[in-house]
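Please look through the structure shown here before reading the exchange below it.

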Amino acid sequence: VPLRRAPNLARIAALALAASAPGLLAIAALTIGAQIRVGWALLAGAAVYLATALLTAWLVGDLEQVRDGVGALAEEDAAAFPRRPDALLPPPREIWSAALKLARSWRERNAAAEARLAAAEAVIAAVPDPLILLDEKRRIVRLNAQANALAGPGRGDLAAALRNPAVLAAAGAVLRGEPARVVEFALSVPVERQYRARFARIERPSSEGAVAVLSLHDITELKRAEQMRADFIANASHELRTPLATLTGFIETLGGLAREDEKARERFLAIMQAQAERMTRLVDDLLSLSRIELREHLMPQDRVALGPLLRHLAEVMELRAGARDMRLTLHIAADLPEVTGDRDELAQVFQNLFDNAIKYGRAGSEIVVEAATIEKGGEPHVAVAVRDQGEGIPREHLPRLTERFYRVDAARSRAIGGTGLGLAIVKHILNRHRGVLEISSEIGKGSVFTVCLRRYDAAGPEL
Ligand SMILES: Nc1ncnc2c1ncn2[C@@H]1O[C@H](COP(=O)(O)OP(=O)(O)OP(=O)(O)O)[C@@H](O)[C@H]1O
Ligand SMILES: [Mg+2]
């Protein structure tokens, strides 16, 4: 409750005198004109003055209460009104109720403005990209959490947070009044990432003095995809160019020098056929890869029994293994559950793994294929391991084996007819199946390629 101030008597007296002046003057005039007697005049004058003083004191008291009440309203405390408002004289009461109305509408507007501000702040915080607000002097006045994580909590000059010359030049240009600017730059801490930075001026400066906004967009993936596409085209054309060059060479030879040479013609035609087959295989693999990629987000839903599939593939490959004096031995668990998948694609997976084991295994050795149930992430999976006794793969190559055209020894792989796409196809098929490929290898001993697939769930299809 605000302190009640003592009534200001001198002010009340002065006001009362001013208010009663006309009455007092009239009485004085009547007295001078001898219309009333001096005794009555004094009495009437005192009565007029007293009544006016009382009314003034009452009115001033009420007004002072209203003044204190409005003061309390400013502190948002309407209940702190010193007295019951309905006990006021009508004019102060009307002023008070008008003040209450004003306060209410002001408070509502304030609440609406605050809600709008909070919504805007929430949007800034929810923007997944880092945002930084700058003032005229290029100082950071505000940043969202994402920018905080990137530039640190510093509030000083932008140069302390992002030390890139191109970024600072763009900031300077926009702050000088040039139109929005976009620059790309790389940050190497904590990990190498590429960003696209956009500077733009803000229409109206904020209360903190922000005049420009810097938004950063992480384009690392985009750049990587661009690079991959470029590499892929370069690799694919290179792979096609080699057999094409061979073909062209032999065509020229057959048309010229070797035209009459029966024996050479036979030999060249055989080579040409092999090269043409190689190109066909390459194109088939590329098409197969792009088909699988197109449907990668759709998990196949058929039930596939791996036992019969593996046995069938082993039979198909028997001849090729025999050519290198190798054997394929299968150990398939008797109660091996079915998996969720696409039979043809899974056949492609194991065909590639068997093919690699035959190509890169030691001649005369055994390839062991084991299929069993394992527990993975608390769920039963089916694991198929293909173990060869080859020379093994150096550790640094393991993470890259599933990249398109990646080979440990490109010349050797190409010489034995490989396109370098086999494991890339395997990986994409397994992605589609929400499965995994694990590779382990020991130099001099051999490699194990393990495929993990989801068990067919009798309860229904998985997504
Ligand atoms: N079992 C293995 N032992 C040793 N190295 C392997 C084995 N499997 C794959 N590699 C290496 O991984 C590379 C990539 O294998 P991938 O199957 O993708 O291609 P490729 O076998 O060369 O060609 P493709 O499978 O198209 O005929 C191979 O070139 C080889 O260097
Ligand atoms: Mg292969």
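The following questions and answers concern a sheet and a pair of helices in this predicted model.

Student: In what order do the five strands of the open sheet lie?

Tutor: The sheet is open, and its strands pair in an antiparallel manner. Strands S2 (140-143) and S3 (181-187) stand at the edges with a single partner strand each, so one side of each has no neighbour in the sheet. From one strand to the next, the twist averages 25°. Read across the sheet, the order is S2-S1-S5-S4-S3.

Student: Which residue of S2 is the bridge partner of Leu134?

Tutor: Strand S1 covers residues 131-135 and runs antiparallel to S2, to which three bridges join it. The partner of Leu134 in S2 is Ile140.

Student: How are H9 and H10 oriented to each other?

Tutor: Two packed helices are described by the angle between their axes and the distance between those axes. Helix H9 (residues 306-323) and helix H10 (residues 343-360) have axes 10 Å apart and pack at an angle of about 40°. Angles under 35 degrees would count as roughly parallel, and 65 to 115 as roughly perpendicular. The two helices, H9 and H10, are therefore oblique.

Student: What is the handedness of the crossing of H9 and H10?

Tutor: The helices that cross here are H9 and H10. Their crossing is right-handed.

Student: How many nonpolar residues does the contact of H9 with H10 include?

Tutor: On the H9 side, the residues that meet H10 include Leu306, Leu313 and Met317, while those of H10 include Phe350, Phe354 and Ile358. In this contact one residue is polar and four are charged. The number of nonpolar residues is twelve.

Notes: Residues are numbered from 1 along each chain as its sequence is written. Chains are lettered from A and ligands numbered from 1 in the order in which they are written. This is a predicted model: local features need pLDDT of at least 70, side-chain atom pairs count only at pLDDT 80 or more; totals for chains, interfaces and linings use all residues. Side-chain values use heavy atoms; hydrogens and water are left out. Axes are lines fitted to C-alpha atoms, for helices over the stretch in contact, and angles run from 0 to 180 degrees between N-to-C directions. Helices (H or I, at least four residues) and strands (E, at least two) are DSSP runs, numbered from the N terminus. Angles under 35 degrees count as roughly parallel, over 145 as roughly antiparallel, 65 to 115 as roughly perpendicular and the rest as oblique. A crossing is left-handed if the near helix is turned anticlockwise from the far one by less than a right angle, and right-handed if clockwise. Contact means heavy atoms within 4.5 Å. Ala, Val, Leu, Ile, Met, Phe, Trp, Tyr, Cys and Pro count as nonpolar, Asp, Glu, Lys and Arg as charged, and the others, Gly among them, as polar. Two strands pair if DSSP finds at least two bridges between them.
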